[in-house]
Amino acid sequence: MSAKTIDRRNFLKKMAIASAMTAAAAMFPGILFADEQEKGLPNGNLNWKKTPCRFCGVGCGVLVGIENGKAIAVKGDPKSPVNKGLCCVKGYHSVISLYGKDRLTKPLVRKNGVYVETSMKEALDLVATKMKETIAKDGKDAVSIYGSGQWTIPDGYVASKLFKGCIGTNNVEANARLCMASAVTGFLTTFGSDEPMGCYEDIDHANTFILWGNNMAEMHPVLFSRLLDQRLKRGVKIIDFATRTTRTSMASDKSILFQPQTDLAVANAICYEIIKNGWVNKSFVEKHCNFSKGLTKMGYGIEDKYKFKDQPTKIDFDAYVQFLEDYTPEKVEKISGVSAKDIKYMAALYGDPNNKVMSLWCMGANQHTRGTWINNLIYNIHLLTGKISTPGNSPFSLTGQPSACGTVREVGTLTHKLPHGVVMNPKDREHAAKIWDVPVENIPAKPTYHTVEMFRALDRGDIKFMWIQVTNPMVTMPKLKRYRDAAKKKDNFIVVSDIYPTPTTDIADVILPSAMWIEREGMYGNSERRTQYFEQMIDPPGEAMSDTWQIVEVAKRLGYEKQFYYKPETHIEEIYNEYRRHHEGKKHGMAPLEVLKSQPGAQWPFVDGKSTQWRFNSKYDPACDNTKEFDFYGKPDGKAVIWQRPYEAPPEMPDAEYPFWLNTGRVVEHWHTGSMTRRIPVLHKAMPHAYVELHPETAQKMSIRTGDKVKLTTRRGSLVLPASVNERGVPTRDQVFVPFFDENLLINDITLDAFCPISKQPDYKKCAVKVEKV
């Protein structure tokens, strides 16, 4: 028996106690408690080191136990203000994901349809050569990079610097476009500045939590446990406002179901009630708010090369009140299926001046063909009542990836973004060019392709080279078959950096093995603006290399040694210190590296040695004008915008041929496409495959029972899955739900690639589907 086998068995034995805990996690509401988990941790002289969790955007602090060069145990970090020593079932098992038997350890190059092992040097030489050839033949906009909210801050920074600053193309995108772009455009259009103004400590102050289409019990279980804890301590209310019944619904004080897309109408009806009942905080609105409207009937981006630019127009309060006359609770009840009584109930919770309210949302609001609008409308409610930027009064957009905020949004790894500002702004380009040490002319003034259009460009032949890092688009892209076929076209060259084989590595010409998480050094930024550092704790397997250093090596091969001057032993510190220069100042100052190393993260703006917990409030935010109580300084006049946004139907609705709604999402056991969590045996056994949820009455009419095969058909194709009836979740009678983690049952083959015209984020939550028993 080999030493490797013994080590693996020893590792699994030491982690076996966690398997028993999963049984508890599989029951409502899916949370493990730190004191119970730690009873099973191995004894001995483990070296415990801090890191943020590898998975979701909550950013839990964990301690990883290292023994003989291996990560063998995990526990929650009691010093972390995020999770206070608690982890979810994925977090407690996270280190097992490092040790899957099919881990990629050597570069692979496709030759005559077969993958051949090569050295990392040769593979990187090939990548650089193909980039040079493509640029020479087809131009700089024929090359692209597609990353993710799992990129560390240094990963995303060097990617943006190479492509935008050195090569001179804005073909940089990330999968966070698929999950939080509408949150970004919501923040920017309302406040002129991205990311939440509040923080997780709002949970300890709020009296009511209203969840807008967010299954927190499964998607953000640690934060949800904090809500439950506050209910035990203080009797707070939790309202679940959703399109299907979930574990979150079961744990809430009240569950209110609405028809897909009609959250727009309900939000307007809440605003109508707030005004009608005199609950407007008139002083706050007069001092700190403007009113605007934008274009309507924008389309849905279904066609190639779709373009849209909103045209905001200022209106006054009276015009806004008149607009809301179409959204009385009684009228909206007919559209949404939500009773006028429930609409008035929610409005009263927001309207009570003595009731502190926290609104929370994630994919339900963001993955929406009017995603920017629904973000605006939730902010409208908080602005009308003045319930914002104070402890416990907080509209809070959650994220799903560990650094969707820290990397994609703050570093700016989207086609229109720079680390500070946007490519369209000459001063922002000058700012970036100076720090990057490149001519300002290098940085193009126009964005190129957002994510959906980038893959369409690959299909059309406008893009010939794509480098995909830390993401699995051949599972996650909507209308997937088109983009999978595009990637396979012989004229295209695809490079994929990953840790395991996936459907995305299947379409690669070159596969680069990546170092994962604690096998390299880096930083993540979570949903509450908290930047967290982790050191390299163990060696990566074989020739696996960090995504940061892969990009640096290719940049040098392309001739950019001057800009990529970093040394192997100090490159993370050098990159982070360079990156901090982009954000100098009171509005977005980043904490020094030594601070991040010494504590469980720091929140920006980090000013005078202190994190800022509440932005736009002069009591807490040093960037504010001290002569004002509130200063929404992202806008030139310091005022936030209350938007007039109507209800508009989605591009596809159930009809005679396709009579059901199709909704997709996640489960507590697996993270995103499952490429890591499905290699954790206990999680895979707990949730081995995808399924389709049906309402019990729908199932009974069709003689379908749990486990029966069901065929789903949309205008894009068909898929057969096992049925789930009255198990974890219950959709409404006219809806089915399918999780997307299973690469063997690709639900995104049949979803629609419609998107929000402002954010360009696709809507995975609604399209029309036919349901048949096989």
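The side chains of Asp204 and Arg226 meet in a salt bridge, with N and O 3.4 Å apart. Asp204 sits in the loop between α6 (181–191) and β10 (208–212) while Arg226 belongs to helix α8 (residues 221–234), so this pair ties together parts that are 22 residues apart in sequence. Keep in mind that what you are looking at is a predicted model.

How do the two partners differ in exposure? Asp204 is partly exposed, at a relative accessible area of 24%, whereas Arg226 is buried, at 9%.

**More salt bridges**

Side chains of opposite charge can pair when their charged atoms come close. Across this model, the count comes to 43 salt bridges.

Another one to click on is Asp342 with Lys254, where the closest N and O atoms are 3.2 Å apart. This pair links distant parts of the chain, since Asp342 is in helix α14 and Lys254 is in strand β13 (residues 254–257), 88 residues apart. Asp342 counts as buried, at 16% relative accessibility, and Lys254 is partly exposed, at 26%.

Then there is Asp749 with Arg484, whose side chains meet in a salt bridge at 3.1 Å, N to O. Asp749 lies in the loop between β30 (735–739) and β31 (767–773), and Arg484 lies in helix α21 (residues 480–487), so the pair ties together parts that are 265 residues apart in sequence. Arg484 is buried, with a relative accessible area of 17%.

Salt bridges can also share partners: Asp304, Glu453, Arg456, Asp459, Arg460, Asp462, Arg482, Lys489 and Asp753 are joined that way into one network.

Here are the three pairs side by side.

| Pair | N to O distance | Separation in sequence |
|---|---|---|
| Asp204 and Arg226 | 3.4 Å | 22 residues |
| Asp342 and Lys254 | 3.2 Å | 88 residues |
| Asp749 and Arg484 | 3.1 Å | 265 residues |

**Helix α13 and its neighbours**

Now over to helix α13 (residues 329–336). Which of its residues are buried? They are Pro329, Val332 and Ser336. These residues cover an arc of only 60° around the axis, which puts them on the same side of α13. The general background is simple: an α-helix has 3.6 residues a turn, so residues three or four places apart point the same way.

What do the buried residues of α13 pack against? Their partners are α10 (263–276) and α14 (340–351). Helix α14 has already come up, as the home of Asp342.

Two packed helices are described by the angle between their axes and the distance between the axes. For α10 and α13, the axes come within 9 Å and cross at roughly 170°. That crossing angle makes α10 roughly antiparallel to α13. On the α10 side, the contact is made by Ala265, Val266, Ala269, Tyr272 and Glu273, and on the α13 side by Pro329, Val332 and Ser336. Sorted by type, the residues of this contact are 6 nonpolar, 1 polar and 1 charged.

Just after α13, Gly337 takes a positive phi of about 80°.

**Backbone oddities**

Most residues other than glycine have a negative phi, and most peptide bonds are trans. A few spots here are worth checking against that.

Gln261 is not a glycine, yet it has a positive phi of about 80°. You will find Gln261 in the loop between β13 and α10. Is Gln261 buried or exposed? Gln261 counts as buried, at 1% relative accessibility.

Lys305 also has a positive phi, near 60°, in a residue other than glycine. Its place is the loop between β14 (289–293) and β15 (313–315). Lys305 is exposed, with a relative accessible area of 57%.

As for the peptide bonds, a cis one joins Trp604 and Pro605, with omega about -5°. Pro605 is in the loop between β23 (602–603) and β24 (640–644).

**A buried aspartate**

Last stop: Asp742, in the loop between β30 and β31. That loop also holds Asp749 of the salt bridge with Arg484. Asp742 counts as buried, at 2% relative accessibility. Which residues does Asp742 touch, leaving aside those up to four places away in sequence? The contacts are Arg678, Pro688, His689 and Ala690. As for His571, Asp742 is 171 residues away from it in sequence and 37 Å away in space, C-alpha to C-alpha.

Note on methods
Residues are numbered from 1 along each chain as its sequence is written. This is a predicted model: local features need pLDDT of at least 70, side-chain atom pairs count only at pLDDT 80 or more; totals for chains, interfaces and linings use all residues. Side-chain values use heavy atoms; hydrogens and water are left out. Buried means under 20% relative accessible area, exposed over 50%, partly exposed in between (1.4 Å probe, protein chains only). Helices (H or I, at least four residues) and strands (E, at least two) are DSSP runs, numbered from the N terminus. The arc is that of the directions from the helix axis to the C-beta atoms. Contact means heavy atoms within 4.5 Å. Axes are lines fitted to C-alpha atoms, for helices over the stretch in contact, and angles run from 0 to 180 degrees between N-to-C directions. Angles under 35 degrees count as roughly parallel, over 145 as roughly antiparallel, 65 to 115 as roughly perpendicular and the rest as oblique. Ala, Val, Leu, Ile, Met, Phe, Trp, Tyr, Cys and Pro count as nonpolar, Asp, Glu, Lys and Arg as charged, and the others, Gly among them, as polar. A salt bridge is a side-chain nitrogen of Lys or Arg within 4 Å of a carboxyl oxygen of Asp or Glu.
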